[in-house]
Amino acid sequence: MNRTIFFDLLIYKTRANLRAEVSRLYLAYVWWVLNPLFNMAIFYIVFGIFMNNRQEHLALFLLLGTSQWQWFASTAQHAANSIWSAGNTMRQINIPKVFFPLE
């Protein structure tokens, strides 16, 4: 597959998934941005101000860390839900259960 086609498909899939995820809520796009910022602010207040941590670029470090953690947590939750919801299909097909973390 050509790299240009791959990246175009990746961008389209990302936009489509985001649009499907936030289609149910009115302020979902705003919340998608504000959630990591609020988490970063709370961690900055606790670790930066209360614990007197004067590390350079602490806010950027916290923003990147919290956004990556939220992405991982969301991905793990969606993966577990998709495996759980496809339980009947997995029982109908003879697949070694070692491929699935839940059953």
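Helices, in the sense used here, are DSSP runs of at least four residues, numbered from the N terminus. Val33 lies in one of these elements, helix H2. The structure described below is a predicted model.

The protein chain contains four helices and zero strands. Read from the N terminus, the order of its elements is α-α-α-α. Of its 103 residues, 12% count as buried. The accessible surface of the protein chain amounts to about 9100 Å², and carbon and sulfur atoms contribute 67% of that area. Among contacts in the protein chain with a separation of 6 or more, 25% join residues 24 or more positions apart.

Helix H2 covers residues 28-50. This helix has 23 residues and reaches 31 Å from its first C-alpha to its last, a value close to the 33 Å expected at 1.5 Å a residue. The path of H2 is bent by about 30° at Leu34. A proline, Pro36, follows the bend within four residues. Pro36 is also one of the buried residues of H2, together with Ala28, Met40 and Gly48. Val33, by contrast, counts as partly exposed because its relative accessibility is 46%, a value in between the limits of 20% for buried and 50% for exposed residues. Although Val33 and Ser67 are 34 residues apart along the chain, their C-alpha atoms are separated by 9.5 Å.

A nonpolar patch on the surface is formed by Ile42, Phe43, Tyr44, Ile45, Val46, Phe47, Ile49, Phe50 and Met51. Together these residues have about 870 Å² of accessible area. One member of the patch, Met51, is placed in the loop between helix H2 and helix H3. The relative accessible area of Met51 is 54%, and the residue is therefore exposed, given that exposed means over 50%.

The same loop, between H2 and H3, holds Asn52 and His57. Most residues other than glycine have a negative phi. Asn52, just after H2, takes a positive phi of about 55°, although this residue is not a glycine. His57 is likewise a residue other than glycine with a positive phi, in this case near 60°. The relative accessibility of His57 is 55%, so this residue counts as exposed.

Helix H3 spans residues 58-85. For its 28 residues, a length of 40 Å should result at 1.5 Å a residue; the end C-alpha atoms are 40 Å apart, so the model agrees with this expectation. The buried residues of H3 are Leu58, Leu62, Thr66 and Ile83.

Leu62, located in helix H3, illustrates how H3 meets residues from earlier in the chain. With a relative accessible area of 11%, Leu62 is buried, because the limit for a buried residue is under 20%. When neighbours within four places in sequence are left aside, Leu62 is in contact with Met40, Phe43 and Tyr44. Of these partners, Met40 is among the buried residues of H2, whereas Phe43 and Tyr44 belong to the nonpolar patch on the surface. Tyr44 is 18 residues from Leu62 in sequence, and the two residues are 7.3 Å apart in space, C-alpha to C-alpha.

Conventions
Residues numbered from 1 in each chain as written. Predicted model: local features only at pLDDT ≥ 70, side-chain atom pairs only at ≥ 80, totals over all residues. Heavy atoms only, no water. Patch = residues over 30% accessible without salt bridge, like charges linked within 9 Å, V, L, I, M, F, W, Y side chains within 5 Å. Areas by Shrake-Rupley, 256 points an atom, 1.4 Å probe, with all protein chains shown as cover. Salt bridge = Lys/Arg side-chain N within 4 Å of Asp/Glu carboxyl O. Helix = DSSP H or I, 4+ residues; strand = E, 2+ residues; numbered from the N terminus. Buried < 20%, exposed > 50% of the residue type's maximum accessible area, 1.4 Å probe, protein only. Expected span 1.5 Å × (residues − 1). Bend = angle between axes of the 7 residues up to and from the residue. Contact = heavy atoms within 4.5 Å.
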